[in-house]
Amino acid sequence: MNIHEYQSKGILKRYGVPVPNGKPAFSVEEAVSVAQELNRPVVVVKAQIHAGGRGKAGGVKLAKSLDEVKTYATELLGKILVTHQTGPEGKKVGRLLIEEGSNIKKEYYLSFVIDRTTARVVMMGSEEGGVEIEKVAAETPEKIFREYVDPAVGLMPFQATRMAYRMNFPAAAVRKASAFMLKLYSVFIGEDCSQVEINPLAVTAEDDVIALDAKLNFDDSGLFRHPEIEALRDETEEDAKERAAAKEGLSYVNLGGNVACMVNGAGLAMATVDILKHYGGEPANFLDVGGDSTPEKIATAFKIMLDGGQAKGIFVNIFGGINRCDAVAGGIVEAAKIISADGKSLPVPVVVRLEGTNVEQGRQILKDSPIKNVIMAPTMEDGAKEIVRLVNESA
Ligand code: GDP
Ligand code: MN
């Protein structure tokens, strides 16, 4: 789960990680009143969206007067901000962060993530901060340093010190930097994060070390322990279909195309998306229905896929293992009854490929059912070709 920068900074502050003073604002008036309260020569007006790259896209403005705060707040609120992370459709700015300006001497990069290979938390740091770290990683990987954390003892002070020297902090800031790292590690562990990224971490003219930006991601499996974080969720930032699917226990990712697919198993779901692409289709989604495909679950999946007219066809690709093909076929028939008024047709063509346990019974159920626009495919390849053909035909 993702939260906004100002919310992340609120959490950092609780752990004693230095962040600039500031507050969120939801209107121009509020922005001006927060700036007035801060009473500093320079305040920063920052668009709050769940994406980075705001600086380059014009979402971070330095204001030197209340008038300028007003101008920038008016410009940013309600604007669709397009950054290299939002995709071409951009994200609408509904909130701002108004904070005191900092006297930046140099910008650094610092993050904690989980390294899957070593199954450990890794701290990554670089003196090439402020810019896209992906670019540093691609062009000058030797400028990114790593410290792997032994879970039994946590991040050790010597590791933080070593990182601070490698990142080339000025002498007067080394101890502050290592203290910053240790506190940030406490945030990562204490809040069950999956990622904590500070880019930029700044050293100021006074040699203070401060988080100018903050991106916290949380492990969804740990969220039940943090109702206060769950409460920070901004649903306007999330895909409505993905939200609805998550509530029903379905693993669904919207891919934006028009050929929906319903598959069991993440691997087969990936392969299905690939084969649809291969035959010229645009997958609408990734959807893993999981092992138990009750009619209600299948009907819910169909409803989510069909919502808003996005899907022009559905490809059902099931390998019956734990999931029996007859149960899935029964589920499709039941789903059709729930979704269609007459129980005889679905709003878009459905191609079904079934294989595995009880496949003959499954095929028979679909053959005997009154639903008209369900087509059986003998193989995955045939099914993919057929649904792409049907969708293109209707377009
Ligand atoms: P991002 O582009 O979405 O990652 O947004 P950031 O919060 O990282 O801001 C982008 C850039 O704006 C930073 O790299 C800084 O150079 C600049 N910036 C952010 N906050 C301040 C500030 O308080 N003072 C100054 N002078 N610049 C800032
Ligand atoms: Mn940033």
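Student: Why are helix 5 and helix 6 called oblique to each other?

Tutor: In this predicted model, the axes of helix 5 (residues 157-166) and helix 6 (residues 174-190) come within 8 Å and cross at roughly 130°. Angles of 65 to 115 degrees count as roughly perpendicular, and angles over 145 as roughly antiparallel. The value for helix 5 and helix 6 falls into neither class, and the pair is therefore oblique. The crossing of these two helices is right-handed.

Student: What makes helix 10 oblique to helix 11?

Tutor: Helix 10 (residues 295-306) and helix 11 (residues 325-339) have axes that come within 8 Å and cross at roughly 55°. Because roughly parallel requires an angle under 35 degrees and roughly perpendicular begins at 65, helix 10 is oblique to helix 11. Their crossing is right-handed.

Student: How do you know whether helix 11 is roughly parallel or roughly antiparallel to helix 12?

Tutor: Helix 11 packs against helix 12 (residues 359-368) at an angle of about 15°, and the axes are 7 Å apart. This angle is under 35 degrees, so helix 11 is roughly parallel to helix 12. Here, too, the crossing is right-handed.

Student: What makes the approach of Arg54 to ligand 1 a polar contact?

Tutor: An N or O atom in the side chain of Arg54 is 2.7 Å from an oxygen atom of ligand 1. The limit for such a pair is 3.5 Å, so the pair qualifies. Gly55 qualifies through its backbone, of which an N or O atom lies 2.8 Å from an oxygen atom of ligand 1. A polar backbone atom of Ser102 is 3.3 Å from an oxygen atom of the ligand, which is also within the limit of 3.5 Å.

Student: How much of ligand 1 does the protein bury?

Tutor: Taken alone, ligand 1 exposes 570 Å², of which the protein buries 81%.

Student: How many residues surround ligand 1, and which are the closest?

Tutor: There are 17 residues around ligand 1, and the closest are Lys46, Arg54, Gly55, Glu107 and Asp213. By class, the shell divides into six nonpolar, six polar and five charged residues. At least two shell residues come from each of strand 2 (43-47), strand 3 (60-63), strand 7 (104-115) and strand 10 (193-204).

Student: What is the form of the peptide bond from Asn199 to Pro200, cis or trans?

Tutor: The bond is cis, with omega near 10°. Pro200 lies in strand 10, which is one of the strands that supply residues to the shell around ligand 1.

Student: What is the sign of phi at Asn39, positive or negative?

Tutor: Phi at Asn39 is positive, about 50°, although this residue is not a glycine. Asn39 is found in the loop between helix 2 (28-38) and strand 2.

Technical notes:
Residues are numbered from 1 along each chain as its sequence is written. Chains are lettered from A and ligands numbered from 1 in the order in which they are written. This is a predicted model: local features need pLDDT of at least 70, side-chain atom pairs count only at pLDDT 80 or more; totals for chains, interfaces and linings use all residues. Side-chain values use heavy atoms; hydrogens and water are left out. A residue is near a molecule or strand if one of its heavy atoms lies within 4 Å of it. A polar contact is a pair of N or O atoms within 3.5 Å; within protein, one must be able to donate a hydrogen and the other to accept it, and residues adjacent in sequence count only if both atoms are side-chain atoms. Accessible areas come from the Shrake-Rupley method with a 1.4 Å probe; for residues, only the protein chains shown count as cover. Helices (H or I, at least four residues) and strands (E, at least two) are DSSP runs, numbered from the N terminus. Ala, Val, Leu, Ile, Met, Phe, Trp, Tyr, Cys and Pro count as nonpolar, Asp, Glu, Lys and Arg as charged, and the others, Gly among them, as polar. Axes are lines fitted to C-alpha atoms, for helices over the stretch in contact, and angles run from 0 to 180 degrees between N-to-C directions. A crossing is left-handed if the near helix is turned anticlockwise from the far one by less than a right angle, and right-handed if clockwise.
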